[in-house]
Amino acid sequence: MKWQPVDCHAHSTFSDGALTIDQVVERAALLGVQPSVADHISRDVARTIDTVEEVGYYLEELEHHPVLRGGEFCFHDHLWREIPPEMVKRFTHRVGSIHAVRLGDGTIVRAFSRRVPDGLDANAYMDAHLDYLETFAREMPVDILAHPTLIAMTFREHPVDELWTEQRETRLVNALHAAGICFEISNRYPPHERLVKRAVDRGVRISLGSDGHTREQVADIKKPLAVARSLGVRDEELYDPRRHGSKTGWKGDGA
Ligand SMILES: [Zn+2]
Ligand SMILES: [Zn+2]
């Protein structure tokens with residue numbers, strides 16, 4: 001069978017996406033992409049799966065469709081720690097997100113809010129972000145770090161070279177490498193190419209993600225795939241849970 005890229009990160013109406021599971025599958029087929037659904041599973045997202053019981057319903061529904069079964073879990077939220085091991089195994093892969101950074105004093109700085117504590121400048125924030133990312137990589141048994149360059153809104157307009165110094169980029173790729181977590185090339189929050197190259201050079205596996213919520217976005221991973229190829233990543237090396245397995249222990253069922 002001809003190789004097809006996997007969109008490891010897409011949303012459906014189970015969380016904040018606009019498409020049903022059937023529509024995700026249909027859209028991916030049209031674009032020649034292997035579909036997966038990775039809906040929000042967290043208590044700290046507006047439209048989300050927010051109980052263990054609902055996770056069960058979600059998995060059961062996905063099991064009735066030809067689709068890989070992912071989930072996007074907020075690291076800072078507790079829900080992922082409550083999923084029983086038997087349920088974890090039903091996920092074909094799991095995506096971890098740093099949608100908020102917890103500072104040393106316990107304060108939460110959310111990525112999708114403009115509110116930041118007084119006196120927290122871009123440099124201090126980025127250092128805290130990398131501290132938190134290292135904790136994430138040590139503690140969270142996920143296969144993929146979603147949108148690795150997503151940061152708090154207030155600091156997004158800062159020059160990328162000031163935010164992402166060589167030292168910070170190195171900390172990021174080393175943490176992922178040590179934990180065996182893939183670096184996602186997100187179509188929604190595209191990382192700067194120097195960082196992707198650093199991840200590739202370090203031997204971190206690359207994953208493609210549309211992070212799509214609408215019909216136009218779901219399974220659109222043309223640009224991420226082009227970036228990976230331009231950096232010399234072979235198609236077969238791109239993360240595919242069916243080929244590379246998952247920390248969930250899922251063994252493949254021909255999905
Ligand atoms: Zn996200
Ligand atoms: Zn997402």
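This briefing covers the sheet of the structure and the helix that links its strands 1 and 2. The model is predicted. Its open sheet has 6 strands, paired in parallel, in the order 1-2-3-6-7-8.

**The sheet**
- Strand 1 and strand 8 (206-209) form the edges. Each has a single partner strand, so one side of each lacks a neighbour in the sheet.
- Strand 3 (residues 95-97) pairs with strand 6 (residues 144-145) through 2 bridges, in the parallel sense.
- G96 has L145 in strand 6 as its bridge partner.
- Strands of a sheet pair through backbone hydrogen bonds, either parallel or antiparallel.

**Strands 1 and 2**
- Strand 1 spans residues 36-41 and is mostly covered, with 6 of its 6 residues buried.
- Strand 2 (residues 68-74) runs parallel to strand 1, and 6 bridges join the two.
- V37 has R69 in strand 2 as its bridge partner.
- Strand 1, helix 2 (residues 52-62) and strand 2 together make a β-α-β unit. The unit is right-handed.

**Helix 2: two faces**
- V55, Y58 and L62 are the buried residues of helix 2. Seen down the helix axis, these buried residues fall within an arc of 60 degrees, so they line one face.
- An α-helix has 3.6 residues a turn, so residues three or four places apart point the same way.
- The buried residues of helix 2 pack against strand 1 and strand 2, and also against helix 1 (21-31) and helix 3 (85-88).
- E53, Y57 and E60 are exposed, on the face of helix 2 turned away from its buried side.

Key: Residues numbered from 1 in each chain as written. Chains lettered and ligands numbered in written order. Predicted model: local features only at pLDDT ≥ 70, side-chain atom pairs only at ≥ 80, totals over all residues. Buried ≥ 20, exposed ≤ 12 C-beta atoms within 10 Å, placed from the backbone. Helix = DSSP H or I, 4+ residues; strand = E, 2+ residues; numbered from the N terminus. Pairing = 2+ DSSP bridges. Right-handed = clockwise from strand over helix to strand, strands pointing away. Arc of directions from axis to C-beta. Contact = placed C-beta atoms within 7 Å.
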